[in-house]
Every structure is written in structure tokens, then in C-alpha cells.
Amino acid sequence: MHFMENMLNSEYQILLFYKYVRIDDPEAVMAWQRALCEKYGFKGRLIVAKEGINFTLEGKKMDTEKYIEELEKDPRFLNIHFKRSIGMGDAFPKLSIKVRPEIVSLHLGVCDVDPNETTGVHLKPEELHQWIKEKKDFYIIDMRNAYEHKVGHFAGSICPPMDNFRDLPKYVESISHLKDKVVVTVCTGGVRCEKASGFLITQGFNHVYQLDGGIVSYMEKYPNEDFLGKLYVFDRRVMMGFYTDDPKHQVIGVCESCGLPSENYVNCEEKDCHRHFIICKDCVTAAGGKHKCPEYCTVSRRQKELAEA
């Protein structure tokens, strides 16, 4: 599984968007969205919860614009920031629409945060860009997973080694020294930062901002400037970038086998592993075309750790 820019098809468009808004009957919204998406032949992942919606879908560009018009007929879904990008035609294998307790799983329980009440100040990409150029005293905290950081991140950002978003509470202590500093949370499209920034506020952080529209919006306005590498995305593209043939574009991913620069993400072929890792095409060829962990697979590593314990 790896990203190939020549597989993009401008006839198709991918929409990434969310909104935290009270939904009394998520099942009704799910049924409405399923009918709407099937009408246009969309594929993608749509999550509906009582706290809002979190959608990523792909379809013909003209149809996705019609879809937005129909969605906005419901006043609950006005004023949404739609992130548009070129599609592939088959970026998603199917249409998946689910009702879940949260639109992004943070699992805070009784400590849950309502972004409509507590969340960081939205910072426009233009404002963040200006802060960076002025060398303002602030810290960027990347709220994505560790494997996402490996292929792209803001220069100088703090990247907690989270395997899942719900790991965030475990890492708050490691950044507690920043409670009186200005911090800016960043994530792919903004949805994780709504709660993450709010959670930091509840934990005593006093000057919390979030990148409005997420990293994708910043990259679109300032390609190959402050965000290094490519943006990891959760569809068949795997990664996306803007003007990646520009000499300013940097490859920051590293092959786990040989240590050379690479952005080729694969899943280990071992049935009990399936770990997501970076391996360059030369090393795949040297391994006979197989996608296997260079040293120990997930299960093998656990067995080794137990044996050494």
C-alpha cells in the first residue's frame, strides 16, 4: 500500500469535514446520509454520534458539490469547513456509515469535553504562518498517531508517541511544563484538535490554540514550507502532498530496513502482525517482493520481550 500521485483523477473529489453539533437521533441522520451517498454512488467513512458528524467521502466532483448543497439544507450542518482534495475514483473500498458514541474516540468518560463549550482558540493557517515567520514563542503539539508523524510533521513540533488518539491522557504529563506557554494543537483536518485542545484546557493549560482546518489546510496554502514531508491520510492514497516535485519538498520518512529516505508505507504480510511500517521499494525487491517486518513482527517482538523479562 503506497501513495502514487499518478493515480489521482481530477474527475473525482474527496471531501473531509466534521461538525460538533447536537444530534438527538443519530440513526435517522445515518439513514438519511446512507440514502444520499447511495444516490450519488459515494464511497467513504461516515461516523454519526449524538455529539456530531465526522465524514470522509469520495465521488464525482460535480456530485460532491451537489451533496454539500443538500447537506446544508439542514441548518444543523451549516457553517462547515469542507476540505476538498483530488480523488482517485477508488480511494475507499466501500461506503461505511456507522453510529458511534464519539465522532473521534478519545474515551474520556466522565472527563469528556464538549468542544462547543471548551476548546482551543481557532488559529487560521495565515496566522500560524505569521507566528512561525515572526519566531513567536509557542509550541506546536501534533495530536496524530506516531506512524502519521513519521512521514510528515511541522518542523520543531512536539509529537507524542501515541498509537491511538485515546492515548492522549497518558502523555499529558510529559508536556505539563508547557501549561503556561502558548501551545497550538494540530491534526489532519481539525476534528481531533477540537477535543484535544479542550482536554488540555481542562488539564490546566492556559494558552491553547488549534490549527483551523487542520494540517491539510495549512499545506494547501503553504506547500513545502513549514510542514515537512507528506500528510498521512486514511484512504488508498495513504499520503498526500502539494507540489511534491518542488525542490523544497523533503522526504522525511525512513526505511526501517536500510535507513534511507522513503515514503513507502506497507502492512506486514504475517497474518498475526499486519504492522504498518515504511520500507523502500529496493528493500521490498531484495526481500523477494514480500512485505515483512525487517526484524521482529508484532507477535515476535512480544514473545521476545516476554522471554527477556
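This is a short walk through the structure, one selection at a time.

Before you click anything, note that the model is predicted: local features need pLDDT of at least 70, side-chain atom pairs count only at pLDDT 80 or more, and totals for chains, interfaces and linings use all residues. Residues are numbered from 1 along each chain as its sequence is written, and side-chain values use heavy atoms, with hydrogens and water left out.

**Stop 1: strand 2 and its partners**

Select residues 43-49, which make up strand 2. Strands (E, at least two residues) and helices (H or I, at least four) are DSSP runs, numbered from the N terminus. Is strand 2 mostly covered or mostly uncovered? Mostly covered: 5 of its 7 residues are buried, where buried means under 20% relative accessible area, with a 1.4 Å probe and protein chains only.

Now add residues 52-60, which are strand 3; 7 bridges join strand 2 to strand 3, and the two run antiparallel. Two strands count as paired if DSSP finds at least two bridges between them. A hairpin links strand 2 to strand 3 through 2 residues, and Ala-49 stands opposite Gly-52 in strand 3.

Next, add residues 95-99 for strand 5, which runs parallel to strand 2 and is joined to it by 5 bridges. Look for Val-48, which sits opposite Val-99 in strand 5.

**Stop 2: strand 1**

Select residues 9-20 to bring up strand 1, then 83-87 for strand 4. Strand 1 pairs with strand 4 in the antiparallel sense over 5 bridges; find Leu-16 opposite Lys-83 in strand 4. Strand 1 also pairs with strand 3, again antiparallel, over 9 bridges. There, Tyr-12 stands opposite Lys-60 in strand 3.

**Stop 3: the largest pocket**

A pocket is an open set of points on a 1 Å grid over the protein atoms alone, with protein on both sides within 12 Å along at least five of seven lines; lining residues have an atom within 4 Å of a point. About 870 Å³ of space lies in the largest pocket, the volume being the space filled by probe spheres set on the points. Which residues are closest to its centre? Of the 36 lining residues, they are Arg-45, Asn-54, Val-104, Arg-192 and Phe-234. Strand 1 gives the largest share of the lining, 4 residues. Other elements giving two or more include strand 2, strand 3 and helix 6.

**Stop 4: the open sheet**

Which strands form the open sheet, and in what order? Its 4 strands run 6-10-9-7, with parallel pairing. Select 121-123 (strand 6) and 139-142 (strand 7) to see the edges, where each strand pairs on one side only. Neighbouring strands here are turned by 35° against each other on average, direction ignored; axes are lines fitted to C-alpha atoms, for helices over the stretch in contact, and angles run from 0 to 180 degrees between N-to-C directions.

Add residues 207-211 for strand 10, which is joined to strand 6 by 3 bridges. Leu-123 stands opposite Leu-211 in strand 10.

Finally, turn on two helices. Helix 3 (residues 125-134) lies across strand 6, strand 7, strand 9 (182-186) and strand 10, at about 75° to strand 6; contact means heavy atoms within 4.5 Å. Helix 6 (residues 191-202) lies across strand 6, strand 7, strand 9 and strand 10 too, running at about 175° to strand 10.

Notes: Buried < 20%, exposed > 50% of the residue type's maximum accessible area, 1.4 Å probe, protein only. 1 Å grid on protein atoms, 1.4 Å probe; cavity = no way out; pocket = protein on both sides within 12 Å on 5 of 7 lines; lining within 4 Å.
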